[in-house]
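Subject: The structure we talked about

Hi,

Here is the structure I promised to pass on. Have a look at it first, and then read my notes underneath.

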Amino acid sequence: MDFPMSAREAFRVIEKNVLLEARLIDDLLDLTRIEHGKLGLEMQTLDVHAALQDALATIAGDAADRNLSVQVALNAKSTTLVGDSGRLQQVFWNVLKNAIKFTPVGGRVSVTTDSNPDASEVTISISDTGIGMEPHEMKRVFNAFSQGDHADPGHGHRFGGLGLGLAISRKLVELHSGRIEAVSNGKDQGSTFTVFLPVVAEPAAKAGVS
């Protein structure tokens with residue numbers, strides 16, 4: 001059956017709303033499990049670059065839809081850590097989606113990794129050229145249900161969402177003995193979110209040890 005354009009558009013809207021509601025339910029369940037110490041993690045040795053690249057692949061379409069340039073520089077040399085690959089991918093996905101959501105069409109999202117040998121950690125920084133944050137917003141950006149102050153230009157409403165993604169990301173990073181920080185120079189100056197995760201010695205095969 002060939003549906004008229006208006007019907008197809010209505011189906012797309014319904015599908016989008018269903019997916020958003022499903023995501024909200026998943027986030028609420030995750031937050032509840034974390035708060036009660038019941039979130040199970042499948043910890044294993046992994047390459048953090050692999051988890052990051054998986055997350056980048058999932059947001060490629062959204063970035064293209066908004067004509068955003070995504071620049072990636074994987075500079076970290078020590079990238080082996082013990083963690084839950086799926087949950088770390090969730091962290092990166094949440095931060096990347098946040099960057100895309102608050103960056104105007106035609107903007108840029110930059111992803112950079114580096115090693116900090118002194119602290120035995122890898123850093124993953126995700127920067128954007130978006131709406132930025134004021135100091136008081138940075139203080140609460142990782143709080144559950146936190147909302148930013150900026151309205152969507154030309155529409156007069158907030159960007160939507162209940163502010164759970166970043167709250168969950170912070171808790172997941174902390175469960176990996178890491179931390180996440182957010183900085184911004186202010187309104188319309190973009191934002192940078194940096195994840196710090198402890199690394200471990202590379203497997204013997206990768207390190208070239210026979």
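Which residue forms a salt bridge with Arg179, with the closest N and O atoms 3.5 Å apart? That partner is Glu181. Before I go on with that pair, please keep in mind that this is a predicted model.

**The chain as a whole**

You'll find 6 helices and 7 strands in the chain. Starting at the N terminus, the order of the elements is α-β-α-β-β-α-β-β-α-α-β-β-α. The chain has 210 residues, and 37% of them count as buried.

**Salt bridges**

There are 3 salt bridges in the structure. Side chains of opposite charge can pair when their charged atoms come close.

Back to Arg179. Besides Glu181, Arg179 also meets Glu121 in a salt bridge, at 3.3 Å from N to O. Arg179 sits in strand E6 (residues 179-183) and Glu121 in strand E5 (residues 121-128), so this pair ties together parts that are 58 residues apart in sequence. Taken together, Glu121, Arg179 and Glu181 are linked in a network of salt bridges.

How exposed are the members of that network? Arg179 counts as partly exposed because its relative accessibility is 37%. Glu181 is partly exposed too, with a relative accessible area of 39%. Glu121, on the other hand, has a relative accessibility of 9% and therefore counts as buried, the cut-off being under 20%.

Arg179 has another neighbour to check on your screen: it lies over the face of Phe196, 3.9 Å from the ring centre.

The remaining salt bridge joins Asp62 and Lys97, with 2.7 Å between the closest N and O atoms. This pair links distant parts of the chain, as Asp62 belongs to helix H2 and Lys97 to helix H3 (residues 85-101), 35 residues apart. Asp62 is partly exposed, at 28% relative accessibility. Lys97 has a relative accessible area of 28% and is partly exposed as well.

**Helix H2**

H2 is worth a slow look from end to end. At its N-terminal end, Asp47 acts as the cap: a side-chain oxygen of Asp47 is 2.9 Å from the backbone nitrogen of His49.

How far apart are the end C-alpha atoms of H2? They are 27 Å apart, and this agrees with the 26 Å that 18 residues (48-65) should span at 1.5 Å a residue. Even so, H2 has a kink of about 45 degrees, centred on Ile59.

Ile59 is also one of the buried residues of H2, along with Val48, His49, Ala51, Leu52, Ala55, Leu56 and Ala63. If you are tracing that list along the helix, remember that an α-helix has 3.6 residues a turn, so residues three or four places apart point the same way. After H2 comes Asn67, with a positive phi near 55 degrees.

**Helices H3 and H5**

In helix H3 you will also come across Arg87. Is Arg87 buried or exposed? Arg87 is buried, because its relative accessible area is 17% and the cut-off is under 20%. The side chains of Arg87 and Gln90 are joined by a polar contact of 2.7 Å.

H5 is largely enclosed by the rest of the structure, because 8 of its 11 residues are buried. Those buried residues are Gly165, Leu166, Ala167, Ile168, Ser169, Lys171, Leu172 and Val173. Just past H5, Ser177 has a positive phi of about 60 degrees.

**One aromatic pair**

The structure holds 1 aromatic pair. It is made by Phe142 and Phe193: the ring centres are 5.9 Å apart and the planes are at 90 degrees, so the pair is edge-to-face. Phe142 is in the loop between helix H4 (135-140) and helix H5 (165-175), whereas Phe193 is in strand E7 (residues 192-198), so the pair ties together parts that are 51 residues apart in sequence. Phe142 and Phe193 are both buried.

If you want somewhere to start, centre the view on Arg179, where you can see the salt-bridge network with Glu121 and Glu181 as well as the ring of Phe196.

Cheers

Key: Residues are numbered from 1 along each chain as its sequence is written. This is a predicted model: local features need pLDDT of at least 70, side-chain atom pairs count only at pLDDT 80 or more; totals for chains, interfaces and linings use all residues. Side-chain values use heavy atoms; hydrogens and water are left out. Helices (H or I, at least four residues) and strands (E, at least two) are DSSP runs, numbered from the N terminus. The expected span of a helix is 1.5 Å times one less than its number of residues. The bend at a residue is the angle between axes fitted to the seven residues ending there and the seven starting there. Buried means under 20% relative accessible area, exposed over 50%, partly exposed in between (1.4 Å probe, protein chains only). A polar contact is a pair of N or O atoms within 3.5 Å; within protein, one must be able to donate a hydrogen and the other to accept it, and residues adjacent in sequence count only if both atoms are side-chain atoms. A salt bridge is a side-chain nitrogen of Lys or Arg within 4 Å of a carboxyl oxygen of Asp or Glu. Rings of Phe, Tyr and Trp (its six-membered ring) pair if their centres lie within 6.5 Å; planes under 30 degrees apart count as stacked, over 60 as edge-to-face and the rest as tilted. A charge sits over a ring if NZ of Lys or CZ of Arg is within 6 Å of the ring centre and within 35 degrees of the ring normal.
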